[in-house]
Amino acid sequence: MTELNPTPAPATLVAIDIAKHRHEVLIEAPGQARRRRLTILSTKADYDRLVVALGAYGGPVLIGFEATGDYHRGLAYRLLSAGFELRLVSSVALARTREALHNGWDK
C-alpha cells in the first residue's frame with residue numbers, strides 16, 4: 001500500500017531535473033507569483049550553493065526529483081544531510097502523466 005505524505009501548506013516546492021553534468025532546478029515559494037530557475041553543475045560547490053539558496057527560504061522545503069541513472073545520488077545525499085525533505089518521482093508515472101496531459105509521449 002502507498003503511504004500518504006501530505007505536503008505542508010506553506011512549503012517551498014522544488015523540482016529538480018537530473019542530468020549527468022548539470023541539473024535544472026525550479027523553485028516555487030509560497031506567496032510569490034514567479035518561480036525561480038537555477039542551473040547547477042554536478043559539483044560540490046554548486047550543491048553547496050543550492051543548499052544555501054534553499055535555506056534562505058526559511059520554512060519547510062520539499063524537493064522532488066526524477067532519478068536518471070545514478071546521477072542523483074550525490075545531490076540527494078547533500079540535500080538529505082542538509083535536512084531537506086526529498087521525494088523521488090517515478091519516471092514511469094511522469095511519462096504516463098505527460099502522455100495523458102499532452103496526448104503524446106514526448107516532452
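In the predicted model described here, the residues that line the largest pocket divide into 10 nonpolar, 3 polar and 6 charged. The volume of this largest pocket is about 570 Å³, and of the 19 residues in its lining, those closest to the centre are Ala15, Ile16, Asp17, Leu26 and Leu94. Several elements contribute to the lining, since at least two residues are supplied by each of strand 1 (12–17), strand 2 (22–28), strand 4 (61–66) and helix 3 (91–102).

The strands that contribute to the pocket belong to a wider arrangement, in which 5 strands form an open sheet with mixed pairing, in the order 3-2-1-4-5. At the edges of this sheet lie strand 3 (36–41) and strand 5 (85–88), each of which pairs on one side only, and neighbouring strands are turned against each other by 25 degrees on average when direction is ignored. Strand 1 and strand 2 run antiparallel and are joined by 5 bridges; within this pairing, Ala15 stands opposite Leu26 in strand 2, and both Ala15 and Leu26 are also among the residues closest to the centre of the largest pocket. Helix 2 (residues 73–81) packs on the sheet and touches strand 1, strand 2, strand 3, strand 4 and strand 5, while the direction of helix 2 makes about 150 degrees with that of strand 5.

With regard to annotation, the unreviewed UniProt entry places the feature "domain: Transposase IS110-like N-terminal" at residues 14–100. In the model, the span of residues 14–100 is 36% helix and 31% strand, and the C-alpha atoms at its two ends lie 23 Å apart.

Key
Residues numbered from 1 in each chain as written. Predicted model: local features only at pLDDT ≥ 70, side-chain atom pairs only at ≥ 80, totals over all residues. Heavy atoms only, no water. 1 Å grid on protein atoms, 1.4 Å probe; cavity = no way out; pocket = protein on both sides within 12 Å on 5 of 7 lines; lining within 4 Å. Points joined across faces, edges and corners; volume = space filled by probe spheres on them. Helix = DSSP H or I, 4+ residues; strand = E, 2+ residues; numbered from the N terminus. Nonpolar A, V, L, I, M, F, W, Y, C, P; charged D, E, K, R; others polar. Pairing = 2+ DSSP bridges. Axes fitted to C-alpha atoms, helices over the stretch in contact; angles between N-to-C directions. Contact = heavy atoms within 4.5 Å. UniProt positions renumbered as here; feature names shortened; annotations may be inferred.
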